[in-house]
Amino acid sequence: MDFGIIVTILDSALRLSIPLLAACLAGLWSERSGVVDIGLEGKMLAAAFAAAAAAYVFGSAWIGLVFGIFASVVFGLIHGFASISQRGNQIVSGVAINMLAAGLTAIVGNAWYGQGGRTPPLEGDQRFDGILFGHSALVYVVLLAVPLTWFIMGRTRFGLRLRAVGENPAAVDTAGISVTGLRYSAVVIGGIFCGIGGTYLSVGQAAGFLPNMTAGRGFIALAALIFAKWRAWPALGACFLFGLLDAVANQLQGLFISGIGEVPVQAIQALPYLMTVILLAGVIGKAIPPRAAGVPYVKER
């Protein structure tokens with residue numbers, strides 16, 4: 001294989017892994033605190049729409065980022081209210097977030113712009129341009145978040161308390177620390193990361209919002225999180241692996257195999273999702289999540 005093609009594939013893999021990594025880190029923060037976040041997909045989708053719409057109106061990608069993060073945090077707080085304050089089923093709440101975001105973005109987008117849910121194309125300052133090696137600032141923000149997450153989770157008092165909430169919330173509560181406050185903090189941090197990931201999709205990687213443009217990335221990020229066993233550095237490797245598969249799939253489209261013919265585009269595009277199933281089938285049962293994840297905490301009286 002030509003060296004130039006390898007470089008192109010690796011460069012594309014990095015670009016494609018960024019939204020996955022942002023969502024994966026969001027899930028890591030949330031689930032380490034004991035809140036299962038199935039709604040990563042919905043939060044990214046809401047952020048993508050809000051960011052593209054705001055960038056178009058205000059003519060600034062950075063303002064779009066602020067609106068994207070805000071939308072994602074709002075959806076995250078809705079999930080937090082349902083699962084933390086109301087002690088509802090976290091899986092049901094997350095699925096509801098995904099459905100709400102998918103429907104709301106399509107309906108509002110069509111009502112505002114009349115283009116089938118799309119936003120108008122973004123140009124110039126409305127998009128994030130490359131600042132180093134052709135990559136935008138959001139790429140380096142997400143990459144920098146990996147060592148930052150590792151350090152905060154493993155080397156700070158806040159990170160220790162957050163992990164303790166995910167393992168034994170009763171012990172944290174006994175120490176006089178607010179379990180609810182820590183879990184809400186984790187949900188907000190997760191919302192920020194999903195906001196960055198969604199904004200990157202519509203304002204950095206693409207030139208506007210498309211209905212359901214996340215295309216299952218939130219669920220792939222969850223698979224990467226399980227594969228990485230809820231750790232920051234392995235999450236980077238897992239997300240890059242999925243990004244690499246996606247990049248290779250793009251390069252293989254239209255490939256002609258002797259005796260078989262041209263490989264169907266649909267079969268090539270299914271590779272990342274097929275790998276998701278394979279990895280989960282091999283990892284589930286071996287990866288142990290935080291013990292209190294998905295279990296609503298009821299304070300003893």
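**Entry 1: the nonpolar patch**

I began by fixing what a patch is: patches are made of residues with over 30% relative accessible area and no salt bridge, and nonpolar side chains are joined within 5 Å. The model I am reading is a predicted one, and I keep that in mind throughout these entries.

With that definition in hand, I looked for a nonpolar surface patch and noted one of about 550 Å², made by Y56, V57, F58, I63, V66 and F67. I then asked which helices supply the patch, and found that α2 (40-58) and α3 (61-85) each contribute at least two of its residues. I picked F58 as an example, and this residue belongs to helix α2. F58 has a relative accessibility of 48%, so I record it as partly exposed, a value that meets the requirement of over 30% for a patch member.

**Entry 2: the largest nonpolar core**

From the surface I turned to the interior, keeping in mind that in soluble globular proteins nonpolar side chains tend to be buried together. The largest nonpolar core has 64 residues, and those with the most contacts inside it are C24, V203, F209 and F242. Helix α1 (residues 3-32) gives the largest share of this core, 10 residues.

I followed F209 outward from the core. Setting aside residues up to four places away in sequence, I listed what F209 touches, including L45, A48, F49 and A52, and also T105, G117, R118, T119 and S202.

**Entry 3: T119 beside F209**

T119 was the neighbour of F209 that I examined next, and I placed T119 in the loop between α4 and α5 (137-155). Is T119 buried or exposed? T119 has a relative accessible area of 5%, so I count this loop residue as buried.

Looking at individual atoms, I found a polar atom of the T119 side chain 2.8 Å from the backbone nitrogen of F209. I also wrote down the contacts of T119 itself, again without residues up to four places away in sequence: F49, A52, A53, Y113, G208 and F209. F49 and A52 had already appeared among the residues that F209 touches, and T119 touches these two as well.

**Entry 4: salt bridges**

How many salt bridges does the structure hold? I found two salt bridges, and I looked at each in turn, recalling that side chains of opposite charge can pair when their charged atoms come close.

One of the two joins the side chains of D11 and R15, with an N to O distance of 3.0 Å. Both residues lie in helix α1, four residues apart, which is about one turn of the helix. D11 is partly exposed because its relative accessible area is 26%, and R15, at 29%, is likewise partly exposed.

The other joins K43 with D37, where the closest N and O atoms are 2.5 Å apart. For this pair I checked the accessibility of each partner: K43 has a relative accessible area of 2%, so K43 is buried, and D37, also with 2% relative accessibility, counts as buried. The cut-off behind these labels is under 20% for buried, with partly exposed lying between that value and 50%.

**Entry 5: helix α9**

I next asked how helix α9 sits in the structure. Eight of the 11 residues of α9 are buried, so I describe this helix as largely enclosed by the rest of the structure. The buried residues are R217, G218, I220, A221, L222, A223, A224 and L225.

I chose A221 of helix α9 for a detailed look, and its relative accessibility of 1% means that A221 counts as buried. Leaving aside neighbours within four places in sequence, I found A221 in contact with L20, A23 and C24; C24 is also listed among the residues with the most contacts inside the largest core. I further compared C-alpha positions and noted that A221 and C239, 18 residues apart along the chain, are separated by 7.1 Å.

**Entry 6: positive phi values**

Last, I looked at backbone angles. Helix α9 is followed by K229, whose phi is positive, near 55°, and K229 lies in the loop between α9 (217-227) and α10 (232-252). At 40% relative accessibility, K229 is partly exposed.

R87 is a residue other than glycine with a positive phi, near 55°. I located R87 in the loop between α3 and α4 (90-113), and with a relative accessibility of 43% this residue counts as partly exposed.

How values were computed
Residues are numbered from 1 along each chain as its sequence is written. This is a predicted model: local features need pLDDT of at least 70, side-chain atom pairs count only at pLDDT 80 or more; totals for chains, interfaces and linings use all residues. Side-chain values use heavy atoms; hydrogens and water are left out. Patches are made of residues with over 30% relative accessible area and no salt bridge: like charges are joined within 9 Å, nonpolar side chains (Val, Leu, Ile, Met, Phe, Trp, Tyr) within 5 Å. Accessible areas come from the Shrake-Rupley method with a 1.4 Å probe; for residues, only the protein chains shown count as cover. A salt bridge is a side-chain nitrogen of Lys or Arg within 4 Å of a carboxyl oxygen of Asp or Glu. Buried means under 20% relative accessible area, exposed over 50%, partly exposed in between (1.4 Å probe, protein chains only). A nonpolar core is a set of buried Ala, Val, Leu, Ile, Met, Phe, Trp, Tyr and Cys residues joined through side-chain atoms within 4.5 Å. Contact means heavy atoms within 4.5 Å. A polar contact is a pair of N or O atoms within 3.5 Å; within protein, one must be able to donate a hydrogen and the other to accept it, and residues adjacent in sequence count only if both atoms are side-chain atoms.
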